[in-house]
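Me: Please take a close look at one loop residue that is tucked away in this model, and then work outwards from there to the surroundings. I would like the answer as one connected account, with some care about where the model can be read in detail.

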Amino acid sequence: MPGVRSVAIVAFSLLGVRSLAAAECPIEKAIYVEPEARAELRFARTDGENSPLSHRFALILGGKHFDGHVMYDPEIERPVAMVLNNCPEGDVTGADIAACTVWRGIIYASDERKGGIGLLPSEGEAAAPAIVLPGFGPAWVASSVGKSTDTTPWDVFSLEGCDQ
């Protein structure tokens with residue numbers, strides 16, 4: 001059955017490309033995609049060593065851009081990510097931040113092929129094959145920006161590219 005063999009060769013080749021892309025792409029340049037809603041996570045460099053952020057990213061969903069950032073929480077020893085919508089600038093309160101937060105939670109790195117879950121790689125390290133935002137889909141639908149969307153995103157974003 002030459003057709004089945006060709007499909008198998010292509011599938012294994014694609015897995016090899018994804019592994020190669022992850023090995024060559026640092027997390028701060030990684031682009032992840034969630035296929036249901038075609039949501040994208042685009043990571044970027046932080047503002048340097050003096051920043052309390054460990055990572056910055058943009059969420060692109062439904063043609064709109066949302067700010068995202070990750071801060072390491074020493075109490076729970078995990079990176080906590082937030083997706084924000086039109087937060088005020090300057091001196092803001094916790095209530096101000098809560099009002100503009102679309103999703104907040106621990107962000108995980110995943111290797112779908114090996115079944116492993118771990119912490120988000122540090123800047124400069126290779127991008128993980130997938131990123132997991134637990135509860136992102138339901139939080140999105142419950143948010144003011146998500147109520148108007150037709151498709152509910154899933155919680156898993158797969159590495160799709162590397163921003164040069």
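Reply: In this predicted model, T46 touches L53, S54, H55, R56 and E123, once residues up to four places away in sequence are set aside. T46 itself sits in the loop between β2 and β3, and two of its partners, H55 and R56, fall within the range of strand β3 (55–61). Is T46 buried or exposed? It counts as buried, because its relative accessibility is 15% and the cut-off for burial is under 20%.

The two strands that flank this loop lead on to the interior of the protein. Both β2 (39–44) and β3 give two or more residues to the largest nonpolar core, as do β1 (30–34), β4, β5 (78–84), β6 (101–106), α3 (136–142) and β10 (156–162). That core has 29 residues, of which Y32, L41, L59 and F157 touch the most other members. For F157, the contacts beyond four places in sequence are with Y32, V33, E34, A39, E40, L41, L59, P129, A130, I131, L133 and F136, a list that includes Y32, L41 and L59.

Strand β3 also has a part in the largest pocket, where β3 and β4 (64–73) are the elements that give two or more residues to the lining. The space in this pocket comes to about 370 Å³, and of the 17 residues that line it, D67, H69, L84, C87 and E89 are the closest to its centre. By class, the lining is made up of nine nonpolar, five polar and three charged residues.

The loop between β1 and β2 offers a second site to set beside T46. E36 is found in that loop, and it is described as exposed because its relative accessible area is 56%. Its contacts beyond four places in sequence are T151 and T152, and a third residue from that stretch of the chain, W154, has its C-alpha 6.7 Å from that of E36 although 118 residues separate them in sequence. The same loop, between β1 and β2, holds R38, where phi is near 55°, a positive value in a residue other than glycine. E77, in the loop between β4 and β5, also has a phi near 55°, again positive in a residue that is not glycine. Such values deserve a second look, because most residues other than glycine have a negative phi.

Two further residues show opposite kinds of surroundings. G146, in the loop between α3 and β10, is buried, since its relative accessible area is 2%. Neighbours within four places aside, G146 is in contact with W140 and V141, both within the range of α3, and its C-alpha lies 9.4 Å from that of L61, a residue 85 positions away in sequence. R104, by contrast, lies in strand β6 and is exposed, because its relative accessible area is 54% and the cut-off for exposure is over 50%. Beyond four places in sequence, R104 touches V80, A81 and M82, which fall within the range of β5. The C-alpha atoms of R104 and L133 are 8.7 Å apart, with these positions 29 residues apart in sequence.

These sites belong to a chain of 164 residues, 38% of which are buried. The chain has three helices and 10 strands, and along the sequence they follow the pattern α-β-β-β-β-β-α-β-β-β-β-α-β. Among contacts with a separation of 6 or more, 50% join residues that are 24 or more positions apart.

How far can the model be read in detail? The chain averages a pLDDT of 82, and 83% of its residues score at least 70. Confidence is highest in β1, at a mean of 97, and lowest in helix α1 (residues 2–24), at a mean of 41. Over residues 1–22 pLDDT stays under 50, and the model has 10 contacts beyond four places in sequence for this stretch. Where pLDDT is low, the predicted coordinates should not be read in detail.

Methods: Residues numbered from 1 in each chain as written. Predicted model: local features only at pLDDT ≥ 70, side-chain atom pairs only at ≥ 80, totals over all residues. Heavy atoms only, no water. 1 Å grid on protein atoms, 1.4 Å probe; cavity = no way out; pocket = protein on both sides within 12 Å on 5 of 7 lines; lining within 4 Å. Points joined across faces, edges and corners; volume = space filled by probe spheres on them. Helix = DSSP H or I, 4+ residues; strand = E, 2+ residues; numbered from the N terminus. Nonpolar A, V, L, I, M, F, W, Y, C, P; charged D, E, K, R; others polar. Core = buried A, V, L, I, M, F, W, Y, C linked by side-chain atoms within 4.5 Å. Buried < 20%, exposed > 50% of the residue type's maximum accessible area, 1.4 Å probe, protein only. Contact = heavy atoms within 4.5 Å. pLDDT = per-residue confidence, 0-100.
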